[in-house]
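Here is a walk through the contacts of one chain, written for someone who would rather look at side chains than at score tables. Keep the viewer open as you read.

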Amino acid sequence: MDNVEIFKALSNKTRLQILAWLKNPEESFPEQEVYGYGVCVGQIQLKTGLTQSTVSEYLSSLQRAGLVISTRKGQWTYYKRNEETFAALGQIIQSEI
């Protein structure tokens, strides 16, 4: 776990908002009916109002930091939070910072 990479990923308002939405996907993305793999990148893009390339870069940054996990199903990519990373980050903040 690279703490610097995590804090870089968290240093953007939209990336923080995406993580907050993914915390409760059923409430944040009611138009998506199934959440087994996470939230479809297209739904995230629509909610942010940003371009596909910008959202993809934001999600890649979050994934590199280990904050989200992606699953590819056919032509669709789904994202969900990596709760293990959030738990470890909480421990780091509590014990080291």
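R81 counts as buried, at 13% relative accessibility; buried means under 20% relative accessible area, exposed means over 50%, and partly exposed is what lies in between (1.4 Å probe, protein chains only). Its salt-bridge partner is E83, with the closest N and O atoms 2.7 Å apart. E83 itself is partly exposed, with a relative accessible area of 43%. A salt bridge here is a side-chain nitrogen of Lys or Arg within 4 Å of a carboxyl oxygen of Asp or Glu.

Before going further, a word on what you're looking at. The model is predicted, so local features need pLDDT of at least 70 and side-chain atom pairs count only at pLDDT 80 or more, while totals for chains, interfaces and linings use all residues. Residues are numbered from 1 along each chain as its sequence is written, and side-chain values use heavy atoms, with hydrogens and water left out.

**Salt bridges**

How many salt bridges does the structure hold? There are three, and here they are with their N to O distances.

| Pair | Closest N and O atoms |
|---|---|
| E83 and R81 | 2.7 Å |
| R64 and E57 | 3.5 Å |
| E5 and R64 | 3.8 Å |

E5 sits in helix α1 and R64 in helix α5 (residues 52-64), so their bridge ties together parts that are 59 residues apart in sequence. Helices (H or I, at least four residues) and strands (E, at least two) are DSSP runs, numbered from the N terminus. R64 also pairs with E57, and so E5, E57 and R64 end up linked in a network of salt bridges. E57 is partly exposed, at 43% relative accessibility. As a rule, side chains of opposite charge can pair when their charged atoms come close.

**Around helix α1**

A9 belongs to helix α1 (residues 3-9). Is A9 buried or exposed? Buried, with a relative accessible area of 1%. Setting aside residues up to four places away in sequence, A9 touches R15, S61, L62, A65 and L67, where contact means heavy atoms within 4.5 Å. The C-alpha atoms of A9 and Q63 are separated by 9.0 Å, although these residues are 54 apart along the chain.

F7 joins I93 and I97 in a nonpolar surface patch of about 300 Å². Patches are built from residues with over 30% relative accessible area and no salt bridge; like charges are joined within 9 Å, nonpolar side chains (Val, Leu, Ile, Met, Phe, Trp, Tyr) within 5 Å. The areas come from the Shrake-Rupley method with a 1.4 Å probe, and for residues only the protein chains shown count as cover. I97 lies in the segment after α6 (83-96) and is exposed, at 69% relative accessible area.

**Rings and a lysine**

Two aromatic pairs turn up in the structure. W21 and F29 make an edge-to-face pair, 6.1 Å centre to centre with 85° between the planes. Both partners are buried: W21 at 14% relative accessibility, F29 at 1%. In the other pair, the rings of Y37 and Y78 have their centres 5.9 Å apart and their planes at 45°, so this one is tilted. Y37 is in the loop between α3 (25-28) and β1 (39-40) and Y78 in strand β3 (residues 76-81), so the pair ties together parts 41 residues apart in sequence. Y37 is partly exposed at 41%, whereas Y78 is buried at 17%. Rings of Phe, Tyr and Trp (its six-membered ring) pair if their centres lie within 6.5 Å; planes under 30 degrees apart count as stacked, over 60 as edge-to-face and the rest as tilted.

Which residue lies over the face of W21? That's K47, at 5.2 Å from the ring centre. K47 also lies over the face of F29, at 5.7 Å from the ring centre. For this, NZ of Lys or CZ of Arg must be within 6 Å of the ring centre and within 35 degrees of the ring normal.

**Two more stops**

K73 is in strand β2 (residues 68-73) and is partly exposed at 37% relative accessibility. Beyond its neighbours within four places in sequence, K73 contacts Y37 and Y78. Its C-alpha is separated from that of I93 by 35 Å, with their positions 20 residues apart along the chain.

Q52 lies in helix α5, partly exposed at 38% relative accessibility. Q52 touches V41 and Q45, leaving out residues up to four places away.
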